[in-house]
Amino acid sequence: MKGLFSFLFFLLFAWLGIWWYYSCDWCAKDLDKDTVIVKDEIDSEADALAKKAYEDSIANLNNSQVGLFAKDNKNQEVFRYYENFRINNGNGNVHIPSTLEGFDSQVANYLGKHQDQELVITGLENSIDIEDTSKLGIYRANFIKDILVSAGVNANRIVIKTELKEYTYNDDGTYNGGILLNFGDLDTSRLEEVEKSIANRTLYSSFAQKTFQPDATLSNYALELKSYLEKYPNKTVSIIGHTDNVGEKEANLWFGQQRANNVRDYLISQGISKEKIKASSQGESNPIAANDSEENKAKNRRIEITVN
């Protein structure tokens, strides 16, 4: 009997021990759980503050002219550089840092892929610029436009604007920024202008090798022409090669034909049906300038493209 009592006492003691152990563990888990909840609340608050700080920094970056960027018609960034153009208070020239190399190609490539859009270049002016009446904003915007046209962008797809913005020139008379780039939809009247420029285009390039070397202008025109022909499938393309008067007439007629053929072959390689394209030459017989200077001779060495 004494042994049974001792055994029962042992069981009771063991049960109390187990109960105490799990009760404390349960309490400890509650404490841990509470601690985790507080930690989660602290982390969530910190994350929210960090996110807001990031968004504010992006907003400030977008609203300032720290870095060159361009936005599309949906206000989404197309590209961004973390350095910017540099304008000055003396003239309409714009300094383009080496880190911005390729921005013209970015613009050309985007317009090539979005034939229904145009680029709006806004030249900024402050109140001092306006009082000077030198129209620096227009000059600055046109400075950038000329660079883009040289890179092959259709001039008819570039719109120039000015905007008043108060900014302060540095001690050396410069300001980082001064130019805004934005892409937008072509309205009906603007689209008509662009289509006319596609249907009648004159191309120039280097003819040192007596052949037409595809350049950025031709590459971008090929994209425009392809889109245009998809819109107007019944139209055809006429390519005419022209030369200056240096050399024999027969030779120039041949050179003009080779140049026209080169352009035709390139357009075909870009996806335009060869059945739609005809290439011919007028050699030196149809100059647009007197062949009395190197500058005028260069004008006569051209490719004329007409879409009917």
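Tyr 81 counts as buried, at 13% relative accessibility. Keep in mind that this is a predicted model. Phe 79 is buried as well, with a relative accessible area of 5%. How do the rings of Phe 79 and Tyr 81 sit relative to each other? Their centres are 5.8 Å apart and their planes meet at 70°, so this pair is edge-to-face; the cut-off for that class is over 60 degrees.

Compare that with the rings of Tyr 228 and Tyr 232. Here the centres are 4.9 Å apart and the planes are at 55°, so the pair is tilted. Tyr 228 is buried, with a relative accessible area of 8%. Tyr 232 is partly exposed, at 27%. Tyr 232 also has a charged neighbour: Lys 235 lies over the face of its ring, 5.7 Å from the ring centre.

In total the structure holds seven aromatic pairs. There is also an aromatic cluster, made up of Tyr 167, Tyr 169 and Tyr 175.

Now the nonpolar cores. As a general remark, nonpolar side chains in soluble globular proteins tend to be buried together. In this model the largest nonpolar core has 28 residues, and the members that touch the most others are Ile 121 and Leu 148. Which elements give two or more residues to this core? They are strand S1 (68-71), strand S2 (77-81), helix H2 (103-113), strand S4 (117-125), helix H4 (136-150) and strand S7 (179-185). H2 gives the most, with five residues.

Let me take Ile 121 as an example. Setting aside neighbours within four places in sequence, Ile 121 is in contact with Ala 141, Ile 144, Lys 145 and Leu 148. The list continues with Ile 158, Val 159, Ile 160 and Lys 161, and then Ile 179, Leu 180 and Leu 181.

Apart from this core lies another, of 23 residues. Its members include Ile 198, Ala 199, Leu 229 and Val 263.

Back to H2, the helix that gives the most to the largest core. Which of its residues are buried? Phe 103, Asp 104, Val 107, Ala 108, Tyr 110, Leu 111 and Gly 112. And what do the buried residues of H2 pack against? On the strand side of the list, the partners are S1, S2, S4 and S7. The helices they pack against are H4 and helix H6 (216-231).

That is what I have on the rings and the cores.

How values were computed: Residues are numbered from 1 along each chain as its sequence is written. This is a predicted model: local features need pLDDT of at least 70, side-chain atom pairs count only at pLDDT 80 or more; totals for chains, interfaces and linings use all residues. Side-chain values use heavy atoms; hydrogens and water are left out. Rings of Phe, Tyr and Trp (its six-membered ring) pair if their centres lie within 6.5 Å; planes under 30 degrees apart count as stacked, over 60 as edge-to-face and the rest as tilted. Buried means under 20% relative accessible area, exposed over 50%, partly exposed in between (1.4 Å probe, protein chains only). A charge sits over a ring if NZ of Lys or CZ of Arg is within 6 Å of the ring centre and within 35 degrees of the ring normal. A nonpolar core is a set of buried Ala, Val, Leu, Ile, Met, Phe, Trp, Tyr and Cys residues joined through side-chain atoms within 4.5 Å. Helices (H or I, at least four residues) and strands (E, at least two) are DSSP runs, numbered from the N terminus. Contact means heavy atoms within 4.5 Å.
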